[in-house]
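Open the model in your viewer and keep the selection panel at hand. We will go from one stop to the next.

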Amino acid sequence: MKIAVCIKQVPAFSEVMMDPVKGILLREGTSVRINPYDLTAVEAALQLKERYNGLTTAITMGPKSAKEALITCLSMGVDEGVLLTDPIFAGADVYATSYTLTAGLSRSGPFDIIICGKKTTDGDTGQVGPAIAEHLGIPHVYNVTHLDGVEGRFISLTQMIDSQYLTIKVRMPCVLVISKEAFIPRLPSLKLKLAAKKKEIRIMTVDDLEGANLSKLGMEGSPTHVDRIYTPDRSLKEQVLTGHSDELVDRLIGLLKDHKVI
Amino acid sequence: MNSHEAIHKEQWQGILIYAAQEGKKIHPITFELIGKALELAKPLSCKVSCILIGHEMESALKELSAYDVERIFVYDHEAFRDFKEDIVCNAFAACIDTLKPSVVLIGATDSGKSIAPSVATRFHSGLTADCTELTMQENSDLVQIRPAFGGNIMARIITANHRPQFATVRYGIMAEATKSDSPHVEIVRCILEENQLVSAIEITLRKEMTRKSCISEAAVLVVAGQGFKSKDDLWMVEELASVLNGQVGSTRALVEKGWFSQENQVGLSGKTVKPDVIITCGVSGSVQFAAGMRLAKNIIAINSDPKAPIFSIAHQSLCGDIYEILPKLIQRIKSLNAGQ
């Protein structure tokens, strides 16, 4: 069984600069970590690997330094890493990102199961998993909370969707978008980390994506673009009341009575 | 720019809304999307339609027909009894192929979030998730606005050369449409080819989630922000919420500190809330936070910084120290309650 897991390196903290002209995040030089939602996806992949004697591949699109993220995955037990890196991939929106990841997956696969985290802490759109499934023409299941088992070409799992838990069987190949609560990611082990240093991460640049539609990559391939970024108008709506805390408390009591809360 | 052939925007007209359902009823996000769509459609005089996919939906259809939408495309089939991403997308895509809408709006429910990227990708077009504002340009470009990563920045996003333009919106962000005085909706019952109804997904068991009391349902919400210096001080919001029979919410910062669970988080990446009364305590009011509660009926904000951004959206702004105000407030309320 071949299992792929898509991961992304994200800024470690919430404050990151944006390029006001291009409207994109300035990622170089900021402290990074693997998107926590993707760690759950990695754990899901590893559990499937252990149960069904599978082969796992972590794939990411990013700057050269994203190699570190793949090494972390190898240190958790993932078998192979693929890094899609090329200046032409940069500035991609969801469509171009999912297209590029799909191009990398097609040339590293074929995979029986592709696992994605639910969203990232930076882009926060939560779309790439289903988009990859669509590019590949395979089904996806969103918000998987539990993996039950594999039987033949079907995987059984639990999905939580709109206040319902559904027990589902889905035909492979498929994409699974994993809920954050589904698994607790294991920590990397030193032994695996040392072994990882000897492994080769496969690097794919645009030249390795023979046959791909170049106009669907990066900023040029993005149907959406950020027109501009701005700080919202901060003008005060109502007068700000100041005064001694007793006066303010009086005011609050009055308000709460008016609104029939007390 | 893209090397696609130039898109003929005029070939794509109108707004299509995915009518989300909750059991046998229409999910209220749909009425908010209708409200926004009617507003967007006005300057261009274009049509607003809905697509309803499911099985045995007569009562949902009746609900939807009370609004000023021109047409409802109904895909009613046994195959849609349960939500299955693949075939729902087939129906959605078939409708878009026929209708050629300029804009497609989808509520960001779980099912909405699942199918929106699939359908957008099928049309090789753009999708902006969790929009907090939407406006329409004269050239039919939809201006999609949402908070950008971190900080207090908004991003203005355009899908300049692709159609349809897809956007998802979370529940509680936009105002609901009012029902129509004289609704005259055209119901279009659609058939999908049998091979489009074959799903790779089989559902063997369904279980309703036990409904935990959720802050999204609170009529009164007291929210703690970074004005609190220690986890030990949070008793103030707990008690205030308690004496007001309300619930406790938190900003993202305090959730990240581990002081609250994600269940309490108010904001675009947390929960959107529309309580009757919300009291924010020591909350600065980032754009992500504001997006999650802007439509609360009465926003009372307490912050020691007179320039706190929260004051630009609050109905009542009080500049003071929560450590002085809250204990006194709690005492006063308790006395009033005791006096009765």
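Select A:Val240 first. Its bridge partner is B:Ser317, in strand 18 of chain B. Keep in mind that this is a predicted model. Now add A:Leu241, whose bridge partner in strand 18 of chain B is B:Leu318. Show the whole elements next: strand 15 of chain A (residues 240–241) and strand 18 of chain B (residues 316–319). They pair in the parallel sense, over 2 bridges.

Widen the selection to the sheet. Which strands belong to it, and in what order? The order is 15(A)-18(B)-17(B)-16(B)-14(B)-15(B), an open sheet of 6 strands with parallel pairing. Strand 15 of chain A and strand 15 (247–250) of chain B are at the edges; each has a single partner strand, so one side of each lacks a neighbour in the sheet.

Stay here and select helix 5 of chain B, residues 235–243. Helix 5 lies across strand 14 (220–224), strand 15 and strand 16 (277–281) of chain B. Its angle to strand 14 of chain B is about 175 degrees.

Now colour by chain and look at the contact between the two. Chain B brings 81 residues to the contact, and chain A brings 77. About 7,000 Å² is buried between them, with 58% of that area from carbon and sulfur atoms.

How many salt bridges does the rule find across the interface of chain B and chain A? There are 4. For one salt bridge, select B:Arg156 and A:Asp227: their closest N and O atoms are 2.5 Å apart. The interface also has 27 residue pairs in polar contact, both residues at pLDDT 80 or more. On the side of chain B that touches chain A, 37 residues are nonpolar, 26 polar and 18 charged.

Move on to another sheet, in chain B. Here 7 strands form an open sheet with parallel pairing, in the order 7-11-6-1-4-5-12. Strand 7 (127–128) and strand 12 (186–189) stand at the edges, each with a single partner strand, so one side of each is left without a neighbour in the sheet.

Zoom in on strand 1 (residues 15–18) and strand 4 (residues 48–54) of chain B. They run parallel, joined by 4 bridges. Select B:Tyr18 to find B:Ile51 opposite, in strand 4.

Finish with two helices of chain B. Helix 1 (residues 29–41) lies across strands 1, 4, 6 (103–107) and 11 (165–169), at about 175 degrees to strand 1. Helix 4 (residues 110–122) lies across strands 1, 6, 7 and 11, at about 155 degrees to strand 6.

Key:
Residues numbered from 1 in each chain as written. Chains lettered and ligands numbered in written order. Predicted model: local features only at pLDDT ≥ 70, side-chain atom pairs only at ≥ 80, totals over all residues. Heavy atoms only, no water. Contact = heavy atoms within 4.5 Å. Buried area = accessible area lost by both parts, 1.4 Å probe. Salt bridge = Lys/Arg side-chain N within 4 Å of Asp/Glu carboxyl O. Polar contact = N/O pair within 3.5 Å; in protein donor to acceptor, adjacent residues only side chain to side chain. Nonpolar A, V, L, I, M, F, W, Y, C, P; charged D, E, K, R; others polar. Pairing = 2+ DSSP bridges. Axes fitted to C-alpha atoms, helices over the stretch in contact; angles between N-to-C directions.
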